[in-house]
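The following exercises concern side-chain interactions and burial. Please work through each task before reading its solution.

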Amino acid sequence: MKELRIRVLVGVFVVAGVLSWAGARLWNSIGTLPSVPLAAPIVLALIAVVLLATALSLRSRLRAQRERQPDAKGVDPMMAARAVVFGQASALVAALVAGMYGGTGVFLLESLDIPARRDQAIYAGFSVLAGIGVIAAAIFLERVCKLPDDDEHEGTGAAPTV
C-alpha cells in the first residue's frame, strides 16, 4: 500500500480551491451563491476525532504488544489495513472538500460587510481548518500503522504500510 503524499493532497486542495473560487464567481454573477452549511466543519471535525481516536488506540495496542505486556490485546493486520485505507480516503476527500470551501471562502472575503456572507466565510474557514485536521489525523494514523523496515527490503525505499 502506498503512503499518502503531501504533494498530492496539496494539489487536490489547490485545484479544488481554484475551481471553487471560479465557480463561486460565476454562480454569484448568475444568481445567488449557495450557502456553506454549518454542518460542514462539524462533520469534518468528527471524522478527524474518529481518525485520531483510532490512531491512539492502535498505537497503545501496538506498544503493549511490542513490550510483551501479559494482557496485551493484539492488532489484527486486516483491521489495521482497513484503518489506514479509511484514513487515506478521508484525507483525500478532506483535501477536496477543504479546497472547495477554501475557494468559496476566498470569494466571500470580498463581501464581509454583509452579515450573511461574513457568517458563510467563517463557516468556510472552519471547514478548511477541520479538513486540515482530518489530513493530519490520517497521516498520524498511517505513521502509527507503518511497519518497521525489515532486512529483505534493504535499500529499496520506504517501508510498506500494513
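**Exercise 1.** In which helix does Ser-90 lie? Determine also its burial and its contacts.

*Solution.* The model is predicted: local features require pLDDT of at least 70 and side-chain atom pairs pLDDT 80 or more, while totals for chains, interfaces and linings use all residues. Residues are numbered from 1 along each chain as its sequence is written, and side-chain values use heavy atoms, with hydrogens and water left out.

Step 1. Ser-90 belongs to helix H3, residues 77-108; helices are DSSP runs of H or I with at least four residues, numbered from the N terminus.

Step 2. With a relative accessible area of 10%, Ser-90 is buried. The classes are buried under 20%, exposed over 50% and partly exposed in between, using a 1.4 Å probe and protein chains only.

Step 3. A polar atom of the Ser-90 side chain lies 2.8 Å from the backbone oxygen of Phe-86.

Step 4. Leaving aside residues up to four places away in sequence, Ser-90 touches Ile-47, Leu-51 and Val-134, where contact means heavy atoms within 4.5 Å.

**Exercise 2.** How many salt bridges does a search of the whole structure find? Examine those of Glu-3.

*Solution.* Step 1. The search finds 4 salt bridges, each being a side-chain nitrogen of Lys or Arg within 4 Å of a carboxyl oxygen of Asp or Glu.

Step 2. One of them pairs Glu-3 with Arg-143, at 3.7 Å from N to O. Because Glu-3 lies in the segment before helix H1 (6-30) and Arg-143 in helix H4 (residues 115-144), this pair ties together parts 140 residues apart in sequence.

Step 3. Glu-3 also forms a salt bridge with Lys-146, whose closest N and O atoms are 3.3 Å apart. This pair again links distant parts of the chain, Lys-146 being in the segment after H4 and Glu-3 in the segment before H1, 143 residues apart.

Step 4. Glu-3 is buried at 17% relative accessible area, whereas Arg-143 is partly exposed at 42% and Lys-146 is partly exposed at 32%.

**Exercise 3.** Which residues are joined into one network by salt bridges that share partners?

*Solution.* Step 1. Glu-142 and Arg-143 meet through their side chains in a salt bridge of 2.9 Å, N to O.

Step 2. Glu-142 is buried, its relative accessible area being 2%.

Step 3. Through shared partners, salt bridges join Glu-3, Glu-142, Arg-143 and Lys-146 into one network.

How values were computed
Helix = DSSP H or I, 4+ residues; strand = E, 2+ residues; numbered from the N terminus. Polar contact = N/O pair within 3.5 Å; in protein donor to acceptor, adjacent residues only side chain to side chain.
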